[in-house]
Amino acid sequence: MSYQLKNDHLIVDFAEQGFYQGKRFDWSGFITGVTLRQGNHSFCVPESLVPGLGTGGAGLCNEFGIADPIGYEDAQVGELFPKLGVGLLTRVDEEAYQFHKQYPLIPFLQEVRQESPSNLCYTVFPEECRGYAVRLEKQIRIEDNLLIVDYTLQNEGSKPISTKEYNHNFLGIDGQGVGPAYTLKFPFELVPEVDEEGSMDSLSFHGSEVNWSGAQDSWFYFRLQGEAQAYHPQGWIWELYNHESRAGVREISTYPVDSIAVWGEKHVISPEIFIKLNVAPGESYSWSRIYEFFTK
């Protein structure tokens with residue numbers, strides 16, 4: 001069954017249960033579409049336009065532990081470890097964890113409740129695994145032109161939970177390919193760094209802005225340096241705007257930012273804002289992501 005949130009400003013579409021069965025992204029609250037009624041602007045795109053390529057991401061989907069899923073380092077080959085929001089995976093070799101590897105999976109039990117036309121609640125139930133057990137609560141609601149995702153992690157195990165979480169934000173406004181019409185902006189001076197030479201060749205940086213001089217014809221990726229506490233002093237973390245559509249989206253969350261990366265392809269721009277999570281046994285931690293959709 002698929003779900004949808006509606007008000008006078010936004011329509012938010014969710015994937016049907018079973019749409020995504022991958023080992024990477026959180027299965028709960030998988031948002032495949034956001035429409036801003038004023039101007040009928042769309043914002044969400046798939047990770048890949050070619051069926052079968054990529055890791056199955058789409059729209060607004062989050063991931064826990066892209067590089068450090070809890071319990072992996074102390075798991076023996078053949079033992080289980082939890083991938084939060086997904087299920088219990090099996091360690092298959094002595095190699096470091098890789099988010100794209102197809103580990104055997106036992107999915108977590110999940111429940112969804114639609115409490116009103118503008119409010120959905122998801123629960124991912126804990127499954128004890130070598131001392132790790134986590135309950136994930138996710139409430140997703142819309143208020144005017146805001147989309148709000150509230151998360152709560154409850155540590156019900158005997159071991160501490162230490163990992164990172166981010167939303168991949170697969171964005172392409174009105175289906176337009178990446179090029180000069182787009183501006184990605186942050187509220188601080190940009191100091192980008194790359195992991196692979198050539199991954200920023202098509203981009204230009206001007207103070208706090210990222211621009212494209214021509215149509216993007218390959219993938220790109222960079223990370224941003226700087227002090228985390230200075231990442232959003234003006235009350236927003238990033239803004240993506242399309243000058244042809246005259247529509248945009250910004251994240252106005254206020255959680256403590258750990259790090260920032262930006263990934264993209266010919267059709268998609270993905271600002272990735274990471275939060276560090278440390279939750280002791282018996283404790284819980286809550287944070288929110290707030291998206292503002294607008295036209296100019």
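User: In which strand is Glu63 found?

Analyst: In this predicted model, Glu63 belongs to strand β5, which covers residues 62-64.

User: Is Glu63 buried or exposed?

Analyst: The general idea is to compare the relative accessible area with a cut-off: buried means under 20%. Glu63 has a relative accessible area of 0%, so this residue is buried.

User: With which side chains does the side chain of Glu63 make a polar contact?

Analyst: A polar contact is read from a pair of N or O atoms within 3.5 Å. The side chain of Glu63 makes one such contact with the side chain of Lys83, at 3.0 Å, and another with the side chain of Tyr166, at 2.6 Å.

User: Which residues is Glu63 in contact with, leaving aside its neighbours within four places in sequence?

Analyst: With those neighbours set aside, Glu63 is in contact with Arg24, Phe25, Lys83, Phe99, Lys164, Glu165 and Tyr166.

User: Where is the place of Lys6, by strand, and how is its accessible area to be read?

Analyst: Lys6 lies in strand β1, residues 4-6. Partly exposed is the class between the cut-offs of 20% and 50%. The relative accessible area of Lys6 is 42%, and therefore Lys6 is partly exposed.

User: What does Lys6 touch, and which side chain is joined to that of Lys6 by a polar contact?

Analyst: Not counting residues up to four places away in sequence, Lys6 touches Ile11, Arg37, Pro117, Ser118 and Ile142. The side chains of Lys6 and Gln4 are joined by a polar contact of 3.5 Å.

User: What distance separates the C-alpha atoms of Lys6 and Gly198?

Analyst: These C-alpha atoms are separated by 42 Å, and the two residues are 192 residues apart along the chain.

Methods
Residues are numbered from 1 along each chain as its sequence is written. This is a predicted model: local features need pLDDT of at least 70, side-chain atom pairs count only at pLDDT 80 or more; totals for chains, interfaces and linings use all residues. Side-chain values use heavy atoms; hydrogens and water are left out. Helices (H or I, at least four residues) and strands (E, at least two) are DSSP runs, numbered from the N terminus. Buried means under 20% relative accessible area, exposed over 50%, partly exposed in between (1.4 Å probe, protein chains only). A polar contact is a pair of N or O atoms within 3.5 Å; within protein, one must be able to donate a hydrogen and the other to accept it, and residues adjacent in sequence count only if both atoms are side-chain atoms. Contact means heavy atoms within 4.5 Å.
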